[in-house]
Amino acid sequence: MRRHDPLRRKVEARYRERTGGSRTLWEESSAVLPMGVSGAAKFYEPYPVALAGGHGGRVTDVDGNEYVDFLMGAGSSLLGHCHPAVVAAVREQAGQLATVLAPTPQEARFAERLRDLMPYLERVRFANTGSEAVRTALRVARAATGRTRYAKFEGNFHGSDDYFLVSGGSRRVAGDPGRPMPVFDSAGVPDRIATEVLVLPYNDAQNAVSLISEHASELAAVVMEPVAFSTGGAVAADRDFARAVRRITDRHGIVLIFDEVVTCLRLGTGGAPGYLGVTPDLSCLGKAIGGGLPLSALGGRADIMEEVLGPDSVARGSRIFHSGTFTGNPLSLAAGTAVLDVLEAEPVLEHLDCLGGRLLSTLQEVLDSHRMGQMSGFGSIFQLHFTDAPPRNRREVLAGDHDLLTAVLLGLCAHGMLWPPVHPGVVAYGHTEADIDLLAAALDTVLGMVA
């Protein structure tokens, strides 16, 4: 018997008792959907809660149970569910124009507003998902530099493309901590990918700089998360580490790409340069900029973007392909515009930062009272770890007690806190201090069940 099996049985019994409708739906869905879901991130044992509605910081499942939602679409719902401004904007746009494979006025206006907030986004291209934005940013870097290899940091997650399913979410690691070796996160990825990616240690400036220097002549890009979100455990990059990466990439003409698919708008309207003091060459944005609808973007230096997408790029042979039926979709742009309007008019980020700081300190007090666990996070992003000290990278995250973490997070779901054992948590504008107190009380109850 595993050490935490008694706790798992207790929380799972309560979970199953209150989520019978979710279980029935999952069993029926399994006849047509593998694992009963349409994406791996939606599944967790024994079966996921199926949601029927939501408003503000709360959601309701198909059994009628209400939850305080700390998942928030993996951070997409910055304002909370069904914010009136977003709902009104989408409804109005749907009555005018929904989907066209043609330019619309919203594209340029929204791009200009993003550039006003993040001036380094001198040129912008819209896409649909974070994976698409990161994939295209790497293609931009390769075409602009004429190099093909790229570097990523161990534990950073950059989406579902083959080139990025390396040393992100795997429970295995290879190589020394200072010189990681590639480990595939998925079956079906060609073996040759391992030769095209250089894996770097996160939050280890000395070794990262050394590895980049060794392979500089081959590297088109270095891709990093300013805050390592899903598989990275909500661990922020150290400022000195980020600055060291910026200096070495500048020295060798390597394109520095920030993956801000989760952090954009959430940790300041100026993006990572505002809180790290480091400006990348390109950035990938997503989630919050779409107001809960599918929308992402990539952008950055005008010279790089024009080199591969500008009018003269065809003659130079440097033109990359990027297009899609739903890129710059008017509905998503309308929702995103509504989010920016609310950010300008109301103290959204001040509220998020206040709640996030209170959540981190309050939950750490609960953990300390039970003499177990560490909180990590930055701004409105947070995660729980059963480690001896707050982790600084993926290897330290993996050193924690994951069986206990999974059982505790399922226990929180069973007590009305939607923080499933899949993602870090986030707070949204729709949350309140009372929601933080409810989460703290639920965590105290679940930890009290640990033998």
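This is a short dialogue between a student and a tutor about reading features in a predicted model.

Student: Let's start with salt bridges. How many does this structure have?

Tutor: Remember first that the model is predicted. To spot a salt bridge, look for a side-chain nitrogen of Lys or Arg within 4 Å of a carboxyl oxygen of Asp or Glu. By that rule, the count here is 22 salt bridges.

Student: Can we take one inside a helix? Which residue does R23 form a salt bridge with?

Tutor: Its partner is E27, and the closest N and O atoms of R23 and E27 are 3.0 Å apart. Find helix α2, residues 20–29: R23 and E27 sit 4 residues apart in that helix, which means about one helical turn separates them.

Student: And how open are those two to the outside: buried, exposed or partly exposed?

Tutor: For that you read relative accessible area, where buried means under 20% and exposed means over 50%, with partly exposed in between. R23 comes out at 37%, so R23 counts as partly exposed. E27 has 42%, so E27 is partly exposed too.

Student: What about a salt bridge between parts that are apart in sequence? Where do R149 and E218 lie?

Tutor: The side chains of R149 and E218 meet in a salt bridge, 3.0 Å from N to O. R149 belongs to strand β5 (residues 149–153), while E218 is in the loop between α8 (205–214) and β9 (219–224), so this pair ties together parts that are 69 residues apart in sequence. Check the accessibility as well: R149 is buried at 14%, whereas E218 is partly exposed at 34%.

Student: Is the pair of E196 and R192 buried or partly exposed?

Tutor: Take each residue by itself. E196 is buried, with 18% relative accessibility, and R192 is partly exposed, with 45%. Their side chains form a salt bridge at 3.2 Å, N to O.

Student: Which residues are linked in a network of salt bridges?

Tutor: Follow the links from residue to residue, and you'll find R246, D250, D281, R301 and D303 in a network.

Student: On to sheets. What is the order of the strands in the open sheet of 4 strands?

Tutor: Read across the sheet, from neighbour to neighbour. The order is β1-β2-β3-β17, and the pairing is mixed. β1 (51–55) and β17 (417–418) are at the edges with a single partner strand each, so each has one side without a neighbour in the sheet.

Student: In which sense do β1 and β2 pair?

Tutor: β1 and strand β2 (residues 58–61) are antiparallel, with 4 bridges between them. To line them up by eye, put G54 opposite V59 in β2.

Student: Now strand β13. Which of its residues are on each side, and are they buried or exposed?

Tutor: Strand β13 covers residues 282–285, and you should look at its two faces in turn. One side has L282 and C284, the other has S283 and L285, and all of these are buried, so both faces are covered.

Student: What does β13 pair with, and in what sense?

Tutor: Among its partners is strand β12 (residues 255–260), which pairs with β13 in the parallel sense over 4 bridges. There, I257 stands opposite L282. Strand β14 (residues 296–300) is joined to β13 by 4 bridges as well, but those two run antiparallel. In that pairing, S283 stands opposite G299.

Student: Loops seem harder to read. Where is H158, and is H158 buried or exposed?

Tutor: H158 sits in the loop between β5 and β6 (174–176). A loop residue still gets judged by its accessible area: H158 has 2%, so H158 is buried. Its side chain also joins the side chain of D259 through a polar contact of 2.7 Å.

Student: And F164, where is that one?

Tutor: F164 is placed in the loop between β5 and β6. With a relative accessible area of 2%, F164 is buried. Compare sequence with space here: F164 and K152 are 12 residues apart in sequence, and their C-alpha atoms are 8.2 Å apart.

Student: Last one: how many residues line the second largest pocket, and which lie nearest its centre?

Tutor: The lining has 19 residues, and E107, R125, F126, T327 and G328 lie nearest the centre. The space in this pocket is about 330 Å³. Strand β4 (residues 123–127) gives the most to the lining, with 3 residues. Sorted by class, the lining holds 8 nonpolar, 9 polar and 2 charged residues.

Technical notes. Residues numbered from 1 in each chain as written. Predicted model: local features only at pLDDT ≥ 70, side-chain atom pairs only at ≥ 80, totals over all residues. Heavy atoms only, no water. 1 Å grid on protein atoms, 1.4 Å probe; cavity = no way out; pocket = protein on both sides within 12 Å on 5 of 7 lines; lining within 4 Å. Points joined across faces, edges and corners; volume = space filled by probe spheres on them. Nonpolar A, V, L, I, M, F, W, Y, C, P; charged D, E, K, R; others polar. Buried < 20%, exposed > 50% of the residue type's maximum accessible area, 1.4 Å probe, protein only. Pairing = 2+ DSSP bridges. Polar contact = N/O pair within 3.5 Å; in protein donor to acceptor, adjacent residues only side chain to side chain.
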